[in-house]
Each structure stands twice: as structure tokens, then as C-alpha cells.
Amino acid sequence: MENYNSVPVLVCGDSVVQEPTPILTFMRKQRFNADYELTARQGADTMAYIALIEEKLRPALLHTFWVDAENYTNLTRPWFASRSPFPLNFFVPSCYANTALSHILLTKGEAPVHRISEVEGKIYSDAKECLNLLSYRLGAANFFFGNSPTSLDAFVFGFVAPLHKASLPSSPLQSHLRQLDNLTRFCDNILTVYFSSDHPSPSPAFQETMDANLQKLTQLVNKESNLIEKVPLLSFSVLLHGFMVGFSRWMTIFAAAHSTNPTNQKPNPVCPVQRTPALPNNPDHFCI
């Protein structure tokens, strides 16, 4: 299975395209354009709403899934670790988490910013405002423009559906989204129309089994991660012990070599005490 450094990913022949905006551009170049019936004003609105989502909603989603400690420990890290081969499953989630934190601080922080808690309030306030604007623009319609989906519908769905469907232990943003009935209905309709035929909903028993497996995986990942954190200290102790053993053996060999092979050695005139080695027939003297 191929591994990519970001999602979503579109693989078309020899082309690999990542991130939503480049994917939409690639599709247009291949003459798959869901916006061909839009007016110039609707096209401009599409670009404006996409920019709004990137600026206001993305940082809050990154924080919800990757920075919030409870969500990251119980959902995001086990989720991504289960999809990564060994030993990457120990490092890929933490790399994503660090990237998410850096993105938030770079885009939302104002110098000097030393803690993520200094910008949490702002990013969630902006995200709730963005969701309110999307809900107002959607109204009672099934899609944002007319009776068929456009690139804006795909973009909104890609950002809002994970927040709507993920079993997050802690998320004020998810609680706010569930108060916006038209946005949640929008996500459910797309899932039903475009995804349910190929991917039927799992039965309640199967869903319970999946949840139990996820809980076991969470415990395993947390346990192994704690072990990984202790490896550097253990490695240092092992190296130090090995060095001391090796140094002791080297000193023993060095002393033995000089005591059993005193050839061509002369008495040390500086040392007043000299003695003959215990070896028989050895006339040489050396200083102790």
C-alpha cells in the first residue's frame, strides 16, 4: 500500500494529487468540472467560501483531531497508527500532530506566542462563525447552488463530514455543528446518495466490534508509545554499561601485555625501587 504525506489523495494513472484545491484544479484540467453551469458570481462565491473554510475552519479541525490531547490519544493516534506499517505507526501520528500544531501557530498566532492555549479561543470562535455562515448560505436547499453538487459542496463535505461523524471524546466544535441541522442533513444526504451503495452502513453488532477493537488498539498504542519514550534512557544505560565493560577488559589486556612481554625494557633510573618479575629466567627489571 502506498503511503502519502497528506490526505486527501487522488491517484489517476501516473498522477498523484494531494490536498483539496489541487485536486479540484486537476479535475478541471481533465474536463471533469462540476461548476460548468455556475454563473460568474456563483464561481466567485465558490472561491470566497473555499478561502473562508481554509482560513477559519481548517485550524479548528486540526486542533480538534491532532492537538486536543483527549481526542488525539483516544481516536486520532490509534486511527492513523492502525493504517501505518510498523515501525511507522509509532512515528507517523506524532509527525502529523507536530505539523498541525505548527500550522496553527504560524497561521493564527501573533508574536510572541509560546503556548497553543493562547490561540484556542480565537480559532474555535472563527470556526463556529464559519459554520454559521455556511449554514446560512445553504438554507433549506440540498446543495449550495441548485439541485446538483458543485466543487463547493465537495469541499464543505470534506471538512464538515469528519467532524460530524467522528466519535470524538471532546469537541465543542462538534457540539456546535450538531445544532446546525441543515449542515448535518447535508452531510447525511451526500453519504446516503453517493456512498451508501458501495459502502453499506455496518450493522450495530459490527459497529460495536469495531469500537471494541479501536479501544484495544488505543490501549496498545498508548502502552507501546510509553515504552518507546523509555528507549532512549534504556539505550544510554546499556551503552554506558557496555563502555565500562569494554574499558575494563581493555585495561586488563593492556596490563597483561606489558607484564608478560617486557622485552627490550630498561630499568627506570628515576624510580628507586625496582624488582625482577616473577617469571623464571627473566633478567629484565622494571619499575612498579
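**Helix α6, T64 and the aromatic pairs**

T64 has a relative accessibility of 0% and therefore counts as buried. The residue belongs to helix α2. The model described here is predicted. The T64 side chain comes to 2.8 Å from the backbone oxygen of A60. Beyond its neighbours within four places in sequence, T64 touches N71, Y124, L163, L168, S171 and L173. One of these partners, L163, is a buried residue of α6.

Helix α6 spans residues 151–165 and has 15 residues. From first C-alpha to last, α6 reaches 21 Å. This is close to the 21 Å expected at 1.5 Å a residue. The helix nevertheless bends by about 30 degrees at G158. A proline, P162, follows within four residues of that bend.

Most of α6 is covered, with 11 of its 15 residues buried. The buried set begins with S151, L152 and D153. It continues with F155, V156 and F157, then F159, V160 and A161. L163 and H164 complete it. Several helices contribute to the cover over these residues. Among them are α1 (20–29), α2 (40–67) and α5 (117–138). Also included are α7 (172–177) and α8 (181–194).

Aromatic pairs number 9 in the structure. One of them joins W66 and Y96 in an edge-to-face arrangement. Their ring centres lie 5.5 Å apart, with 70 degrees between the planes. W66 sits in helix α2 and Y96 in helix α4 (residues 92–108), so this pair ties together parts 30 residues apart in sequence. W66 is buried because its relative accessible area, 13%, falls under the 20% cut-off. Y96, at 21% relative accessibility, counts as partly exposed.

A second pair, F157 with F195, is stacked, because the planes meet at 15 degrees and the ring centres are 5.8 Å apart. F157 lies in helix α6, while F195 lies in the loop between α8 and α9 (204–260), so the pair links parts 38 residues apart in sequence. F157 is buried, with a relative accessible area of 13%. F195 counts as partly exposed, at 37% relative accessibility.

W66 and Y96 also belong to one aromatic cluster, together with Y72, W79 and F80.

Notes. Residues are numbered from 1 along each chain as its sequence is written. This is a predicted model: local features need pLDDT of at least 70, side-chain atom pairs count only at pLDDT 80 or more; totals for chains, interfaces and linings use all residues. Side-chain values use heavy atoms; hydrogens and water are left out. Helices (H or I, at least four residues) and strands (E, at least two) are DSSP runs, numbered from the N terminus. The expected span of a helix is 1.5 Å times one less than its number of residues. The bend at a residue is the angle between axes fitted to the seven residues ending there and the seven starting there. Buried means under 20% relative accessible area, exposed over 50%, partly exposed in between (1.4 Å probe, protein chains only). Contact means heavy atoms within 4.5 Å. A polar contact is a pair of N or O atoms within 3.5 Å; within protein, one must be able to donate a hydrogen and the other to accept it, and residues adjacent in sequence count only if both atoms are side-chain atoms. Rings of Phe, Tyr and Trp (its six-membered ring) pair if their centres lie within 6.5 Å; planes under 30 degrees apart count as stacked, over 60 as edge-to-face and the rest as tilted.
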